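Please work through the exercises below with the sequence and the structure at hand, and try each task before you read its solution.

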Amino acid sequence: MPETKPVQYGFSGYPFRKLSLIFLSILFLVVATTADDSSFPSSNTWRPHHSKKLTKPVVLLISSDGFRFGYQFKTETPNIDLLISRGTEAQTGLIPVFPSMTFPNHYSIATGLYPAYHGIIMNKFTDPVTGERFKRNLDPKWWLGEPLWVTATNQGLKAATYFWPGSDVPKGSWTCPKGFCKAPYNGSVPLEERVDTILSYFDLPQSEIPDFMTLYLEETDLQGHKYGPDDPRVTEAVANTDKMIGRVIKGLKKRKVFGDVHVILLGDHGMVTNCDKKVIYIDDLADWIKIPADWIQDYSPVLVMNPRWGKDVKNPGEKNAELVAKMNEVLSSGKVENGEFLKVYLKDKLPKRLHYSESSRIPPIIGMVGEGLLVRQNRTNVQECSGDHGYDNMFFSMRSIFIGHGPRFRRGKKVPSFENVQIYNVVAEILGLRPAPNNGSSLFTRSLLRPSGKTAQLE
Ligand SMILES: *[C@@H]1O[C@H](CO)[C@@H](O)[C@H](O)[C@H]1NC(C)=O
Ligand SMILES: *[C@@H]1O[C@H](CO)[C@@H](O)[C@H](O)[C@H]1NC(C)=O
Ligand SMILES: *[C@@H]1O[C@H](CO)[C@@H](O)[C@H](O)[C@H]1NC(C)=O
Ligand SMILES: [Zn+2]
């Protein structure tokens with residue numbers, strides 16, 4: 001009788017040899033998939049520097065205002081595609097903060113704070129407590145939190161800004177220095193000139209090159225507002241924005257620093273079509289409830305109300321709650337045209353996910369307007385189709401793009417969508433800065449960035 005080999009069995013009934021093979025393959029898989037983070041070069045790894053012109057981390061943060069997520073599929077965008085294929089992209093776009101407006105969002109990107117905490121709660125607003133009006137004011141008292149250019153200069157780095165909202169406000173060590181702080185905003189300055197100014201900083205001696213730079217482009221927003229997002233002129237603006245990104249890439253390559261610079265391309269919010277058939281008229285509520293026009297500070301895409309009850313009213317908070325309840329009752333009754341698309345809240349009762357209550361600057365009553373709808377007082381100003389943003393940040397149409405390219409960003413990587421308050425920590429981490437308190441998660445940077453020091457290993 002031939003000798004039978006004793007067969008050893010592992011815990012799950014597999015022969016032991018088979019089991020160790022499985023372990024080995026798992027080990028191999030683990031090693032292979034983490035190789036990206038280790039010192040093994042692979043096709044998916046950031047390649048060694050071709051030059052060592054820059055031996056310090058540099059971040060160039062580019063905003064294309066109103067670049068709705070998906071615009072990159074409207075037309076050929078070879079330059080944006082290059083950043084995407086060799087960088088890290090938010091696969092289904094960057095989520096703006098509420099309200100999805102330009103000033104609140106640019107300043108949330110810069111500070112990592114929700115608008116309630118950084119103070120720029122709308123593009124324009126009246127402080128309900130002091131009665132003062134904010135409209136692009138430069139007084140630092142309006143601009144709370146610590147934007148990246150302040151964090152950088154406070155910690156001994158250099159910064160340069162080009163038209164970024166809030167960047168011309170003196171704060172901390174940031175004085176908005178001439179030559180490195182382009183302001184005030186002037187839409188007539190050609191985009192080429194803005195790009196070339198940024199590129200010229202790379203011609204400075206290394207110690208003079210700003211560690212952190214911002215660049216602001218607005219063509220997608222302008223055309224989107226004027227004609228709505230689905231217009232050939234928006235497609236044209238997208239193509240032109242891509243050309244500007246191409247100009248950045250070409251200029252950096254010419255200076256042999258393209259592989260060294262962290263280029264972040266993003267937008268502040270998206271854009272949606274609104275039309276004259278999709279309007280809620282406040283006057284239509286008048287049969288049930290009278291709302292004085294001067295109680296309304298803003299109509300849409302966010303309805304903002306600050307009721308001025310008479311001196312005889314002892315508990316205005318109670319009256320506000322009654323007003324909200326009555327308005328919602330009428331709006332949902334089916335008797336007001338499009339009424340179902342407006343829901344009114346006491347600010348403390350807004351959905352928590354909006355983080356839009358903890359500021360005395362936010363007026364007591366906020367109306368959330370349906371996607372693409374408008375609120376008007378009456379039918380006198382008939383308006384045709386155009387585009388707008390500012391709506392609930394939950395709407396997909398309000399999303400913008402996020403692409404990070406450069407040494408610390410993984411190549412060809414897609415990450416799930418995230419809120420733009422995370423970006424502050426990401427930039428701080430790249431630049432080796434101590435972040436100020438903010439609403440981003442300190443763990444988030446790990447999902448976006450490779451550990452520091454790896455790039456040096458690769459060289
Ligand atoms: C805005 O920029 C244009 C083009 O560079 C320039 O001619 C104009 O003087 C600038 N306006 C202001 C107010 O600086
Ligand atoms: C319509 O509303 C506007 C404010 O939005 C107001 O100035 C105008 O007087 C109103 N017209 C009528 C006829 O009520
Ligand atoms: C946002 O950050 C500020 C500053 O750290 C903090 O005071 C606030 O509680 C945070 N809010 C949320 C919703 O995390
Ligand atoms: Zn904008």
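The exercises that follow concern a predicted model, and each is solved step by step.

**Exercise 1. The sheet**

Task: Work out in which order the four strands of the open sheet lie, and which of them are the edge strands.

Solution: Begin with the general rule that strands of a sheet pair through backbone hydrogen bonds, either parallel or antiparallel. Next, look for the partners of strand 15: strand 13 (residues 302-305) is joined to strand 15 by four bridges, and the two run antiparallel, while strand 14 (residues 342-346) pairs with strand 15 over five bridges, again in the antiparallel sense. Adding the remaining strand gives the order 12-13-15-14, an open sheet with antiparallel pairing. The edge strands are strand 12 (296-298) and strand 14, each of which pairs on one side only. As a last step, compare the directions of neighbouring strands in this sheet, which are turned by 25° against each other on average, direction ignored.

**Exercise 2. Strand 15 in detail**

Task: Find which residues of strand 15 stand opposite Val304, Val344 and Leu346, and decide whether the residues of strand 15 are buried or exposed.

Solution: Start on the side of strand 13, where the bridge partner of Val304 is Ile366 in strand 15. Then turn to the other two residues: Val344 has Gly367 of strand 15 as its bridge partner, and Leu346 stands opposite Ile365. Now consider how strand 15 (residues 365-369) is covered, and you will find that five of its five residues are buried. Finally, sort them by direction: Ile365, Gly367 and Val369 point one way from the strand, whereas Ile366 and Met368 point the other way, and all are buried.

**Exercise 3. Two helices**

Task: Determine how the axes of helix 6 and helix 8 are oriented to each other.

Solution: The axes of helix 6 (residues 191-201) and helix 8 (residues 232-254) come within 10 Å and cross at roughly 25°. Angles under 35 degrees count as roughly parallel, and helix 6 is therefore roughly parallel to helix 8. To complete the description, add the handedness, for helix 6 passes helix 8 in a right-handed crossing.

**Exercise 4. The shell of ligand 3**

Task: List the residues that surround ligand 3 and divide them into nonpolar, polar and charged.

Solution: The residues around ligand 3 are Leu113, Tyr117, His355, Pro437, Asn438 and Asn439. Sorting this shell by type gives three nonpolar residues, three polar ones and no charged ones.

Note on methods: Residues are numbered from 1 along each chain as its sequence is written. Chains are lettered from A and ligands numbered from 1 in the order in which they are written. This is a predicted model: local features need pLDDT of at least 70, side-chain atom pairs count only at pLDDT 80 or more; totals for chains, interfaces and linings use all residues. A residue is buried if 20 or more other C-beta atoms lie within 10 Å of its own, exposed if 12 or fewer, and partly exposed in between; C-beta atoms are placed from the backbone. Two strands pair if DSSP finds at least two bridges between them. A residue is near a molecule or strand if its C-beta atom, placed from the backbone, lies within 6 Å of it. Ala, Val, Leu, Ile, Met, Phe, Trp, Tyr, Cys and Pro count as nonpolar, Asp, Glu, Lys and Arg as charged, and the others, Gly among them, as polar. Axes are lines fitted to C-alpha atoms, for helices over the stretch in contact, and angles run from 0 to 180 degrees between N-to-C directions. Angles under 35 degrees count as roughly parallel, over 145 as roughly antiparallel, 65 to 115 as roughly perpendicular and the rest as oblique. A crossing is left-handed if the near helix is turned anticlockwise from the far one by less than a right angle, and right-handed if clockwise.
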